[in-house]
Amino acid sequence: MSVSAIVGMQWGDEGKGKIVDALSESVDLVVRCQGGANAGHTVVLGKTVFKLHVVPSGILREGVRSVVGNGVVFDPARLVAEIEGLEAMGIGVEGRLYLSDRAHMVLPYHQVLDGLQESSRGTRKIGTTGRGIGPAYADKAARLGLRAHDLLDEERFLKKLRELLSYGNRRIEVFGGEALDVAAHVEKLRRARGRLAPFVADTVSLLHEAYGAGKDILLEGAQGTQLDIDFGTYPFVTSSNTTGGGFCTGSGLPPSAVDRVHGVFKAFTTRVGEGPFVTEASEEESARLRGTGDQQWDEYGTTTGRPRRCGWCDLVLGRYAARVNGVTNLHITKLDVLSGLATLPLCTGYELDGRESHAVPADIDALSRAKPLYETLPGWSEPLAEIRAFDELPAAARGYVRRIFEEMKMSSGTVSVGPRRDQIVPVPR
Ligand code: GDP
């Protein structure tokens with residue numbers, strides 16, 4: 001019996017979907033605890049590519065039950081589209097997918113307000129995915145949200161919805177935006193309600209019963225440590241806790257239940273959107289790390305299609321993420337992408353205002369001034385995609401991985417050498 005959590009250690013897109021998929025082989029339940037359709041997890045099964053946004057990746061494993069926890073915000077129409085997309089690909093969700101009755105909805109005006117607020121910020125844009133996630137969490141905190149249990153009573157739901165849509169329109173008008181057609185949105189959401197109501201469940205009881213019965217549970221994180229509203233590069237962050245604590249507040253399982261935290265760390269660093277990025281590579285190097293866009297794993301956002309900013313491995317951020325999340329198992333992904341580079345810079349510290357530092361400053365202006373202190377490691381030329389044993393990796397690749405494990409004080413984990421389920425190599429202690 002175990003409860004494990006999977007967390008992103010950088011700015012998201014670390015390849016968590018693949019690790020969740022690998023670890024969900026033997027679990028009973030996979031749970032999403034925070035975020036919304038701004039997350040995009042990619043899982044490759046044979047020739048089929050699944051892009052999941054709100055539904056936990058565990059849905060792709062037969063016999064695994066998937067829970068959308070109370071900490072998630074969901075857009076009803078998008079969730080219906082995601083469920084129908086899965087069904088069209090032969091993945092049945094009936095009786096396997098549970099939507100927490102406490103999860104909040106992203107409503108049409110949240111998305112409009114997201115865009116309007118972002119444009120009103122001028123040069124202080126955050127680079128949001130524009131899916132309404134931030135405004136939905138803001139309304140949750142302001143106690144103006146609609147929750148999944150509201151879907152259970154159509155009449156009451158439509159009444160609350162009409163009121164909220166009218167209020168949303170008043171807020172849209174404040175920003176000079178165009179009011180939404182209330183009747184059209186009510187009709188669209190009425191249809192989504194009928195489709196989603198059967199999935200609404202008391203997931204706190206469900207999870208505690210499973211936990212009490214000794215079932216294995218996997219808590220699937222979305223985004224990454226640097227996007228956490230408290231511990232990330234504020235304000236260039238998402239609106240939820242993407243780190244350790246978010247697993248408990250977003251599921252109803254207590255901290256004492258979580259006995260393993262799997263940290264997913266890409267062998268280099270990427271970020272989408274604005275904000276400081278200490279190890280950002282030159283445009284030429286960044287283009288090499290990003291890929292040309294013809295492979296589905298090249299560095300273009302799963303949700304937005306935006307090219308990701310790319311840079312070198314930052315161990316200051318890595319150590320910080322290991323601490324904040326209490327990582328027990330480290331999974332380094334995309335090592336295969338580094339094949340062919342003559343040398344690999346590894347950032348082990350920052351120079352900030354003339355002093356060496358190993359901490360991540362809260363002030364993003366300070367983080368913007370920080371210069372990376374690099375250690376240069378030798379690269380390797382061999383492709384890694386077919387390697388399955390650590391000892392078969394080129395010596396330089398082993399050295400690179402060992403150095404990262406050592407800096408983060410980790411002894412247990414894996415390296416990933418390709419997007420497929422089987423392309424994973426255990427790292428011996
Ligand atoms: P997530 O949000 O953390 O799940 O990350 P994404 O799914 O958005 O991005 C990861 C991308 O990298 C996906 O296209 C994966 O299929 C791919 N991927 C994951 N692990 C590896 C790996 O080890 N090597 C390569 N080349 N691609 C990988």
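**Ligand site, sheet and a pocket**

In this predicted model, an oxygen atom of the ligand lies 3.2 Å from a polar backbone atom of Gly418, a polar contact being a pair of N or O atoms within 3.5 Å. The protein covers 98% of the 590 Å² of accessible area that the ligand has on its own (Shrake-Rupley method, 1.4 Å probe). Side-chain N or O atoms also approach nitrogen atoms of the ligand, at 2.8 Å for Asp336 and at 3.3 Å for Trp297. Around the ligand there are 20 residues, of which Lys16, Gly17, His41, Asp336 and Ser416 come nearest; a residue counts if one of its heavy atoms lies within 4 Å. This shell holds four nonpolar, nine polar and seven charged residues, with Gly counted as polar. Helix 1 (16-23) and strand 3 (41-45) each supply at least two of the shell residues; helices are DSSP runs of H or I with at least four residues, and strands are runs of E with at least two.

Turning to the fold, ten strands form an open sheet with mixed pairing, in the order 9-7-5-2-10-1-11-15-19-20; pairing requires at least two DSSP bridges. Strand 9 (200-201) and strand 20 (424-427) each have a single partner strand, so one side of each is left without a neighbour in the sheet. Strand 5 (residues 65-68) runs parallel to strand 7 (residues 97-100), joined by three bridges, and Val67 has Tyr98 as its bridge partner there.

Residues are numbered from 1 along each chain as its sequence is written. Local features need pLDDT of at least 70 and side-chain atom pairs pLDDT 80 or more, whereas totals for chains, interfaces and linings use all residues, and side-chain values use heavy atoms, without hydrogens and water.

Methods:
A polar contact is a pair of N or O atoms within 3.5 Å; within protein, one must be able to donate a hydrogen and the other to accept it, and residues adjacent in sequence count only if both atoms are side-chain atoms.
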